[in-house]
Amino acid sequence: MPVASVQKILTPLNDAQRKAVMHLEGPLLMLAGPGSGKTRVITHRIAYLISQGVPARSILALTFTNKAADEMRNRLSTLVPGAPSWAGTFHRFCARLLRQHSSMVGLTENFSIYDTGDSRKVVKHAIETAKVNSQHYSADSLINQISFLKARGLTPADFEPRPGHPLDQIISRVYPEYQTQLKLANAVDFDDLLLHTVDLLRHNPELRESLDCMYQHVMVDEYQDTNHAQYQLIRLMNHNTQNLSVTGDPDQSIYGWRGADLNNILEFERDYPDAVIVRLEHNYRSTRSILSVADQLIENNLRRKPKKLLTDNQQGDAVRLVTYTSPREESDDIADNINLTVQQGGRSPSDFAIFYRANWLSRSLEHALRKLAIPYQIVNGHEFYQRREIKDVLAYLHLINNPRDNIAFERIVNVPSRKIGKVTLGRLRSYARTENICLLDAARKCGLIETISKGAATKVAKFVALFDELSVLEAEVVESIIQQVVAKTGYREWLIQDDSEEGHERAGNVDELIVSAQEFDLEHPEDGGLEAYLEQSALVSDTDAWEADANFVTLMTIHAAKGLEFPSVFIVGCEDGILPHERSQENDDEIEEERRLLFVGITRAQENLQLSRCVSRFKRGAFWPAIASRFLLELPRAEMKIVEPSSVDFVPNDDFSDQQVPFDVDPWMHEGIQINDSGPDTPEQQDELTEAGPSPAPPKPSRAASGKPDFPRLMTGTDLAKQAAGRTHTLEFQLGMRVEHDEYGQGTIAELSGTNIKRTATVDFDGIGSKRFRLAFCNLRIVSSG
DNA sequence: ATTCGCAAAGTTTTT
DNA sequence: CTTTGCGAAT
């Protein structure tokens with residue numbers, strides 16, 4: 001590699017960064033504070049290794065999200081074009097490895113990956129089959145326990161119930177049964193991906209050795225969030241060559257609740273006595289004001305490695321600490337704020353992010369942003385895949401890919417309704433259980449099952465015939481499989497049979513899925529296919545859905561915000577019981593993790609930061625008094641800008657801890673009713689008042705399942721928003737409209753589906769035929785409204 | 001077998 | 001305020 005390239009790699013680095021980048025062999029620990037250029041160091045280090053003759057394919061980079069891996073690949077390709085090193089998440093890496101060696105862990109390569117909902121169903125079955133009395137323990141708590149055991153790398157055989165712990169006794173019966181049923185279904189849960197891989201490497205020294213040899217350099221990002229299973233995996237792959245480099249920040253460890261072990265990073269030096277340690281303490285991201293607040297907060301944690309946050313950046317604006325009377329006011333004020341700043345030309349919507357502790361806190365924010373027509377995106381990637389209709393269609397795909405997938409079978413055997421009921425299914429299940437076969441095979445033999453009546457058997461046989469017809473599709477592109485599944489099963493007609501709005505909404509979501517499959521097919525001409533698609537849909541992470549380049553305000557949980565940065569950040573709901581969360585107050589460790597969470601949120605901000613709390617919050621159908629988060633008292637209030645509301649008369653101070661009575665529900669504060677302010681003088685406000693009722697044109701509800709009046713996620717109704725979003729207003733398009741496209745000329749809108757940025761139109765072009773478009777990304781002009 | 005209705009419970013955070 | 005679950009009626 002030419003000297004010039006090496007210069008390009010090393011020049012943009014500071015001393016500490018350069019030291020890390022030029023570290024060639026042996027274990028390396030990078031303690032990287034927020035905004036210290038961690039990703040840059042990792043990519044430059046990979047580039048440097050390659051420049052020193054290390055083959056790219058021998059470098060393995062494990063990241064926390066797919067997004068981070070993509071980012072890394074992109075940056076690397078500008079430094080070293082065409083370097084084929086592997087970067088991805090632990091779960092993906094393990095899935096890939098397991099598919100190659102599935103038989104060694106009792107699976108076949110087409111195994112299904114179960115999400116938490118699926119796992120919960122399996123646990124429920126396991127509870128029934130194991131005949132334990134679990135009345136005092138919810139299925140959820142059992143799932144958590146099992147997941148926790150798995151995170152610690154404990155198989156059912158490893159688990160020793162402690163005497164005197166009733167829960168342990170139950171676990172010791174349910175856990176093995178749970179694993180048995182998963183194996184029977186040729187399925188794994190998220191934890192299994194790691195656990196099975198560890199198992200695989202433990203019991204196959206040759207394989208372990210060959211991986212060790214293949215990946216000479218292993219890099220792990222966000223090491224503070226690894227759990228014990230991941231730790232074991234890393235150690236297994238570093239037996240011979242200890243070229244392991246990890247980056248992390250103990251102060252940013254926020255996944256303890258799912259088994260992440262802070263000790264992994266705190267004791268790295270003990271595990272690898274030769275480890276070189278590099279501290280990246282120079283912050284390139286935030287103003288002094290912001291860093292000072294972050295610093296003072298995190299100093300309250302005892303379990304940490306003291307670390308300073310240094311910067312050359314300017315002092316910047318004071319961090320604002322605002323008290324609002326209600327979430328409504330909080331949301332409206334933030335939306336106002338964003339709106340004004342954008343109008344003054346200082347910022348664009350994508351400069352802003354709003355963080356919260358729990359997803360439900362986004363509701364009032366959405367409402368407020370919509371009112372002002374501020375374009376926004378909610379980062380909540382799982383939400384779409386949780387919808388019933390999506391899970392149904394995916395269940396068909398799962399069953400096609402893996403006929404042993406019992407959960408998928410149960411989900412769709414009677415969807416759309418085939419008059420196969422609980423009783424028949426129960427008989428099928430017990431037959432399958434005694435014969436030790438999967439449900440589909442049991443269904444094939446339903447004629448032989450004495451308990452099943454002739455009539456029921458015919459229906460089941462018909463379903464099996466339908467399945468066989470579908471299973472032929474396996475090798476086709478995913479879009480085509482879904483299209484045919486939806487058609488041949490009559491699923492679409494079933495959705496819209498009652499012609500309800502909800503039904504059409506659901507059908508629209510299925511279309512959205514088809515579009516996403518289409519995109520997947522296009523993006524994966526070589527490595528695609530049904531199995532890959534299902535794996536991808538199972539392993540998407542929330543942040544993966546985040547679109548960095550779109551010009552939207554970003555709404556996300558603080559967890560999802562990890563690794564990102566924004567010029568202006570709002571953190572809402574800094575209240576006791578929310579942050580720290582009420583379920584995280586049992587011990588100091590949990591409180592410290594909550595404190596780190598706020599630390600992570602604060603350190604995402606580059607220039608402006610506002611922390612806010614409300615004096616009352618709408619919860620469980622009533623307004624409840626809300627106490628300020630204890631963390632707010634730990635901040636350097638003297639250097640912050642404190643804003644109190646003009647009328648906090650009903651809560652004189654923060655000492656409200658004993659009162660557990662909701663306020664009377666105050667009609668003035670209800671969503672959708674504005675009486676405080678001036679009445680509905682302007683047409684715009686009129687719209688606001690009627691928006692909860694039926695309105696003639698779309699906005700389509702974006703949450704079909706909830707049935708509550710909802711509003712489009714992306715509101716681009718004003719010139720401001722159009723300008724800001726830099727794209728056509730996606731909601732204006734109507735069926736039958738005449739539109740014009742640069743390439744295809746004029747045509748008529750034949751079909752509309754999907755919502756928000758996924759809103760898709762099918763256009764019949766004159767003399768050309770029909771084409772599908774994502775409205776947010778195409779250049780369709782309206783010619784006339786048809 | 002499905003549908004409807006009511007009651008109770010419950011709201012972290014995510015691969 | 002939601003969602004989920006269960007039980008009774010059709």
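Okay, let's start with one residue: arginine 347 in chain A is buried, with a relative accessible area of 14%. Buried here means under 20% relative accessible area, exposed means over 50%, and partly exposed is in between, using a 1.4 Å probe and protein chains only. This is a predicted model, where local features need pLDDT of at least 70, side-chain atom pairs count only at pLDDT 80 or more, and totals for chains, interfaces and linings use all residues. Residues are numbered from 1 along each chain as its sequence is written, chains are lettered from A and ligands numbered from 1 in the order in which they are written, and side-chain values use heavy atoms, with hydrogens and water left out.

So where does arginine 347 sit? You'll find arginine 347 in the loop between helix H15 (327-343) and strand E10 (352-356). Helices (H or I, at least four residues) and strands (E, at least two) are DSSP runs, numbered from the N terminus. Its side chain makes a polar contact with the side chain of glutamate 607, at 2.8 Å. A polar contact is a pair of N or O atoms within 3.5 Å; within protein, one must be able to donate a hydrogen and the other to accept it, and residues adjacent in sequence count only if both atoms are side-chain atoms. Not counting residues up to four places away in sequence, arginine 347 also touches others, including Phe352, Pro567 and Asn608. Contact means heavy atoms within 4.5 Å.

Helix H15 has a buried residue as well. Glutamate 330 lies in that helix, and glutamate 330 is buried, with a relative accessible area of 2%. Leaving aside neighbours within four places in sequence, glutamate 330 is in contact with several residues, among them Tyr324, Arg613 and Arg617.

Now let's zoom out. Chain A has 30 helices and 22 strands, and buried residues make up 55% of its 786 residues. Take the contacts between residues at least 6 apart in sequence: 73% of them join residues at least 24 apart.

Next, the inside. In soluble globular proteins, nonpolar side chains tend to be buried together. A nonpolar core, for us, is a set of buried Ala, Val, Leu, Ile, Met, Phe, Trp, Tyr and Cys residues joined through side-chain atoms within 4.5 Å. How many residues does the largest one have? It has 55, and those with the most contacts inside it are Leu397, Phe409, Ile482, Leu513 and Tyr533. Apart from that core lies another, of 41 residues, with Leu107, Leu207, Leu262 and Ala275 among them.

Tyr533 brings us to helix H26. In H26 (residues 530-539), 7 of the 10 residues are buried, including Tyr533, Leu534 and Glu535. Not counting residues up to four places away in sequence, tyrosine 533 touches Leu394, Val478 and Phe520, among others. Glutamate 535 is buried too, at 12% relative accessible area, and with the same kind of sequence neighbours left out, glutamate 535 touches Arg92, Ala95, Arg99 and Ile113.

On to the DNA. Which residues are closest to DNA strand B? They are Arg357, Asn359, His382, Ser541 and Arg620, out of 26 residues that surround the strand. A residue is near a strand if one of its heavy atoms lies within 4 Å of it. Of the atoms of DNA strand B that come within 4 Å of the protein, sugar and phosphate account for 53%.

A few phosphate oxygens are worth finding on screen. One is 2.4 Å from a polar backbone atom of asparagine 359. A polar side-chain atom of asparagine 414 lies 3.1 Å from a phosphate oxygen, and for threonine 557 a side-chain N or O atom is 3.0 Å from one. Helix H20 (residues 422-435) gives the most to the surface near the strand, with 3 residues.

Last, some backbone oddities. Most residues other than glycine have a negative phi, and most peptide bonds are trans. Here, the bond from valine 415 to proline 416 is cis, with omega near -5 degrees, and proline 416 is in the loop between helix H19 (406-412) and H20. Another cis peptide bond joins leucine 579 and proline 580, with omega about 10 degrees. Then there's alanine 373: phi is positive, about 55 degrees, although it is not a glycine. Alanine 373 is buried, at 4% relative accessible area.
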